[in-house]
Each structure stands twice: as C-alpha cells, then as structure tokens.
Amino acid sequence: MARLPIITHEKADQDTKNTYDAIASKFGMVPNIFKGMANSSVTLNAYLKLDEMITGGNFSPVEQDIVRIVVSQANGCDYCVAAHTMGLSSKGMDTEEILNIRKGTASDAKQAALVNFTLKVLETKGFVSDDDLESFKNAGFTDTHAAEITVIIAQKTLSNFFNHINDTDLDLPAAQAI
C-alpha cells in the first residue's frame, strides 16, 4: 500500500489536473506512480520533462526501454520493470527476449552492447573503462549515446527510488519473476 497520499484528479490543483489529462491521453489512464509523484510538482514535472527530453534524443524507443528496464531491474523496482516490460512488449519484443535483457543478455548484438554498457555504467558509478566505452561505440553507438545514457539512468533512478520510498501500488500487470 502506498505510503504517500494518492493525489487523485479530484484532489489535484489545476496544473496537476492538466498534467494528468496529458498523461491519460498518452496511457489511457493516470498510473499510480504519477498520482504519488504529484505530492511534489517538482518530482512529477522533473520526471516528465526528462521523459520528454529522452524521447527527443538519439536512442530509439526500443533502446530507451532497454536502458530503462536494465536500470529498473538492477535497482529492484518491480513497478518500473512491469511498466517497461509492457513497453517492450508493445514494441514487438517477445517475452523471452525481455527476460534475457533483464538477466543482462540480449540476442541482438547491438542490444547486448547496450545492456552491457548500461550495467557497466551502473556497476562502476560511471567510471567505465576505455575498453567499455570503445565496445559500446564499436556496436554502433556514438559519443552522444554515451552522454545521453546518463539521462535515462537518472530518470529511472528518480522513478525507481521514488517507488521504493512510496511503495507504489502496482496498477498494471506484474512482470514475470526471474
């Protein structure tokens, strides 16, 4: 059960109501994570602004979700793992491949490099080796990707840690256990 108040549409101020309307138009609902984040407009708006920036970045939508699910799995965030499992599924990725990515592998070489580099960034707190960076770039990624991965990691750390603090109620199908 959520530990912070749930800010429903009815309880929200006008700016948050407008934000909720935009979220609902994108997702068909306002997920519980946002109803919790709305306890702070700074938190909610920071997450959404980062999402907007990431969407306009250089990673493909599938690559964005790969980084997001790898970070969420590493941080033990069941809510975000479930969300990004749905995201990858909706983009055509099969269940077995999603499970492999969550376990730290991928059948596609470029996606495997992305998974590996994301894990290296997390494990080393960003102090990746020259070889790690070179392997990432040799897989078809650029210096821009290396810089942008930090933004996705920051966004997911924000949401993962928020969900841990809040104990956000899962309002979507749980991801398969691994």
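**Notebook: helices, cores and a pocket**

I began with Ser25, which sits in helix 1. The model I am reading is a predicted one. Ser25 counts as exposed, because its relative accessibility is 63%, over the 50% cut-off. I also looked up its distance to Tyr79. The two residues are 54 places apart in sequence, and their C-alpha atoms are 21 Å apart in space.

**Entry: the cores**

Next I looked up the nonpolar cores. The largest one has 22 residues. Phe59, Ile66, Val67, Ile101, Leu114, Phe136 and Ile149 have the most contacts inside this core. I then noted which helices supply at least two residues each: helix 4 (61-74), helix 6 (95-102), helix 7 (109-124) and helix 9 (143-166). Helix 4 gives the largest share, which is five residues. A second core is separate from this one and has 17 residues, including Tyr20, Ile23, Ile33 and Tyr47. I wrote one general remark beside this: in soluble globular proteins, nonpolar side chains tend to be buried together.

**Entry: Phe59 and Asn58**

I picked Phe59 out of the list for the largest core. Where is Phe59 placed? I found Phe59 in the loop between helix 3 and helix 4. Is Phe59 buried or exposed? Phe59 is buried, because its relative accessible area is 4% and the limit for buried is under 20%.

I listed its contacts, leaving out neighbours within four places in sequence. Phe59 touches Gln64, Leu114, Phe136, Phe141, His145, Glu148, Ile149 and Ile152. For one of these contacts, Phe141, I looked up the separation. Phe59 and Phe141 are 82 residues apart along the sequence, while their C-alpha atoms lie 9.0 Å from each other.

Asn58 is also in the loop between helix 3 and helix 4. I noted Asn58 as partly exposed, since its relative accessibility is 46%. Beyond four places in sequence, Asn58 is in contact with Glu63, Thr144, His145 and Glu148. His145 and Glu148 are in the contact list of Phe59 too. I looked up Asp171 as well: it is 113 residues along the chain from Asn58, and 30 Å separates the two C-alpha atoms.

**Entry: the largest pocket**

I turned to the largest pocket, which holds about 810 Å³ of space. Its lining is made of 29 residues, and those closest to its centre are Lys26, Phe27, Phe34, Asp51 and His84. Which elements give two or more residues to this lining? I wrote down helix 1 (14-27), helix 2 (32-37), helix 3 (41-55), helix 4 and helix 5 (78-90). Helix 5 has the largest share of the lining, with seven residues. I then sorted the lining by class: 15 residues are nonpolar, six are polar and eight are charged.

**Entry: cysteines**

I looked for disulfides next. A disulfide is a covalent bond between the sulfur atoms of two cysteines. How many disulfides does the structure hold? The structure holds zero. Cys77 is in no disulfide, and the nearest cysteine sulfur to its own belongs to Cys80, 3.7 Å away. Why is there no bond here? The sulfur of Cys80 is too far from that of Cys77, because the separation is 3.7 Å and a disulfide needs the sulfur atoms within 2.5 Å. I checked burial for both residues. Cys77 is buried, with a relative accessible area of 1%, and Cys80 is buried as well, at 2%.

**Entry: two positive phi angles**

I noted two residues that have a positive phi without being glycine. Lys125 has a phi of about 55°. I placed Lys125 in the loop between helix 7 and helix 8 (130-138). Lys125 counts as exposed, because its relative accessibility is 72%. Asp167 also has a positive phi of about 55°. Asp167 is in the segment after helix 9, and it is partly exposed, with a relative accessible area of 40%.

**Entry: Asn166**

My last entry is on Asn166, a residue of helix 9. Asn166 counts as buried, because its relative accessible area is 1%. Leaving aside neighbours within four places in sequence, I listed its contacts as Met1, Ala2, Arg3, Leu4 and Gly36.

Conventions
Residues are numbered from 1 along each chain as its sequence is written. This is a predicted model: local features need pLDDT of at least 70, side-chain atom pairs count only at pLDDT 80 or more; totals for chains, interfaces and linings use all residues. Side-chain values use heavy atoms; hydrogens and water are left out. A nonpolar core is a set of buried Ala, Val, Leu, Ile, Met, Phe, Trp, Tyr and Cys residues joined through side-chain atoms within 4.5 Å. Buried means under 20% relative accessible area, exposed over 50%, partly exposed in between (1.4 Å probe, protein chains only). Helices (H or I, at least four residues) and strands (E, at least two) are DSSP runs, numbered from the N terminus. On a 1 Å grid over the protein atoms alone, a cavity is a set of points where a 1.4 Å probe fits but cannot get out, and a pocket is an open set with protein on both sides within 12 Å along at least five of seven lines; lining residues have an atom within 4 Å of a point. Grid points are joined across faces, edges and corners, and a volume is the space filled by probe spheres set on the points. Ala, Val, Leu, Ile, Met, Phe, Trp, Tyr, Cys and Pro count as nonpolar, Asp, Glu, Lys and Arg as charged, and the others, Gly among them, as polar. Contact means heavy atoms within 4.5 Å.
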